[in-house]
Amino acid sequence: MKLRLLWAWYGVLATLVGIGLAHLTAAVTDPASSPVLAVGSTVIDLTPTPMKEWAIRTFGSADKVILVGSVMVGVLLLAAVAGIIARKNLMAGSALLAGLVAVAGVAVMTRPSASVIDLLPSIVAIIAGPLSLRLLSRTHEKAETDGTRRTLLLTVSALGAAAAVGGLAGRVVTQLRARPEDIALPDPVEPAPSFPRGLDDQVPGITKFRTDVADFYRVDTRLDTPVVSSDDWTLTIDGDVDKKVTITFDELLEMPMIERDITLTCVSNSVGGPYLGSARWLGVRLTDVLDLAGIKNTKADQILSTDFDGMTISTPFDLATDGRDAMIVVGMNGEQLPRENGFPVRMLIPGLYGFISATKWLTKLTLTTYDDQKAYWTEREWATDAPIKISARIDTPKALAQIDAGDVIIGGVAWAQERDGIAKVQVRIDGAGWKDAELGPNAGENYWRQWFYKWPAESGSHRIAVRAVAGNDEAQTAVRAEPFPNGASGLHELIVNVG
Ligand SMILES: Nc1nc2c(c(=O)[nH]1)N[C@H]1C(S)=C(S)[C@@H](COP(=O)(O)O)O[C@H]1N2
Ligand SMILES: [Mo]
């Protein structure tokens, strides 16, 4: 039994060496080609939508850490089995390790933008893993015949160190590569109006009126942070256009820039969910960019945008070009975009959920039809037409909070993009009548609005609900819907205990 455990550990150690060195290789060539990440990404792509939704609901933004962790645990269990097999049959054990890497290699190569160089990390792993196992097996045998353990201990330590150094160095190299570039952003020809002061200081616990860039939510299909250089970046406009054009980053920066305050919202939020943020965006009008290629005669009903890695997002052509402030964005709150949020260039269209409008690391706009080409989420049966639903969220107090009797400030944010903003927010306590909340300042129709309501709370358990009405008189629906396929609806309600 003990011996078996030892061999299981040999298998694990050999695999960690392979993974560590592969990770380092990938950090130098292309971080996404790291075998573990590639397997993780493939799992994401193959996971059925309901399960993905469940994972996001259950684990929140930790879903990816849990995914990579599970992949690692699975791989290391198989590695342990390979080690146990290798005790009797080194060839078979090594073959199992090699098979594991081969699966990862296939995962790497099926990514849309994979190139031959992306095989390198897997090749490193397929050599380093079995070779380490062989070394361990040899030194183990030698230790048994000699009766001395010195060389075995040295070998184990050296391999452990190689795995750790590989993994850590890979991390350092990845972080160095992902350092922000220093971009000088142009001034907008159409600046946004001066930004009003929100209720941040008045209502403790309320969401900040403007989201800090560093705190902005992140939702995408990737496990790594893409490093796209602005020097290499180009944007191509093709498909059903007068003539295909490609522009560079410098050419984009020379176009007239507008600045807008917009709240970006993710379709994957359940009611009251956290995946939205508000910022001041700097960019070029989408229609100005499309006009470079000429779209007067287009029969397209879809703008298919492609990111640097071949991931695609679909946008309804008529909505993107109906006069709203659809943008090709380069700046956020006066800074360049962070790599996590799409550096150097992303798309942003007010009023549409991010999954059909907010392509990060954008490189191509193709004018096409929904019949001809299907985007990533369209293939997974999400809606193609998904305007953001009118919603209100309670930020404070928190669900199940224990609070003192007396005046309690209930507060939160509400949003109704492309519906003339928020006109009214109402609060209901214990199913009694709806009472108007006070609204914070207005930063435009596409920006969320803070609100608060002073509640004389008496002891006991109470149920708080909130609802919003848009500037165009449309009211938030109380009908419950799940995020799939076009966004959650229903009222945000929570229970607090007073006394
Ligand atoms: N390339 C790319 N762009 C993407 C995504 C993605 O997975 N890949 N996710 C979209 C989704 S679902 C949302 S809600 C927004 C989120 O943008 P953020 O991460 O900057 O908050 O980006 C959109 N753009
Ligand atoms: Mo999203």
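The exercises below concern a predicted model, and each is followed by a worked solution.

**Exercise 1.** Work out whether the length of helix H4 agrees with the span expected from its number of residues.

Solution. Helix H4 covers residues 63-88, which is 26 residues. The expected span is 1.5 Å times one less than the number of residues, so H4 should span 38 Å. The C-alpha atoms at its ends are 39 Å apart, which agrees.

**Exercise 2.** Find which residues of H4 are buried and which helices they pack against.

Solution. The buried residues are Leu-67, Val-71, Val-75, Ala-79, Ala-80, Ala-82, Gly-83 and Ala-86. The buried residues of H4 pack against helices H1 (2-29), H2 (35-46), H5 (90-109) and H6 (120-146).

**Exercise 3.** Describe the surroundings of strand E5 (residues 302-307).

Solution. Start with burial: six of the six residues of E5 are buried, and the strand is mostly covered. Next, sort the residues by direction. In a regular strand the side chains alternate between the two faces of the sheet. In E5, Gln-302, Leu-304 and Thr-306 point one way, while Ile-303, Ser-305 and Asp-307 point the other way.

Then take the partners of E5. Strand E6 (residues 312-316) runs antiparallel to E5 and is joined to it by five bridges; the bridge partner of Gln-302 there is Pro-316. The two strands form a hairpin with four residues between them, and Gly-310 in the turn has a positive phi of about 90°. Strand E10 (residues 362-368) is also antiparallel to E5, with six bridges. In E10, Thr-368 stands opposite Gln-302.

**Exercise 4.** Locate Ala-161 and classify its exposure.

Solution. Ala-161 lies in helix H7 (residues 150-177). Its relative accessible area is 38%. Partly exposed covers the range between 20% and 50%, so Ala-161 is partly exposed. Its C-alpha atom is separated by 8.6 Å from that of Val-17, although the two residues are 144 residues apart along the chain.

**Exercise 5.** Compare the loop residues Asn-333 and Asp-473: is each one buried or exposed?

Solution. Most residues other than glycine have a negative phi. Asn-333 has a positive phi of about 50°, and Asp-473 has one near 75°. Asn-333 is in the loop between strand E7 (327-332) and E8; Asp-473 is in the loop between strands E18 (460-470) and E19 (492-498). At 18% relative accessibility Asn-333 counts as buried, whereas Asp-473, at 67%, counts as exposed.

How values were computed
Residues are numbered from 1 along each chain as its sequence is written. Chains are lettered from A and ligands numbered from 1 in the order in which they are written. This is a predicted model: local features need pLDDT of at least 70, side-chain atom pairs count only at pLDDT 80 or more; totals for chains, interfaces and linings use all residues. Side-chain values use heavy atoms; hydrogens and water are left out. Buried means under 20% relative accessible area, exposed over 50%, partly exposed in between (1.4 Å probe, protein chains only). Contact means heavy atoms within 4.5 Å. Two strands pair if DSSP finds at least two bridges between them.
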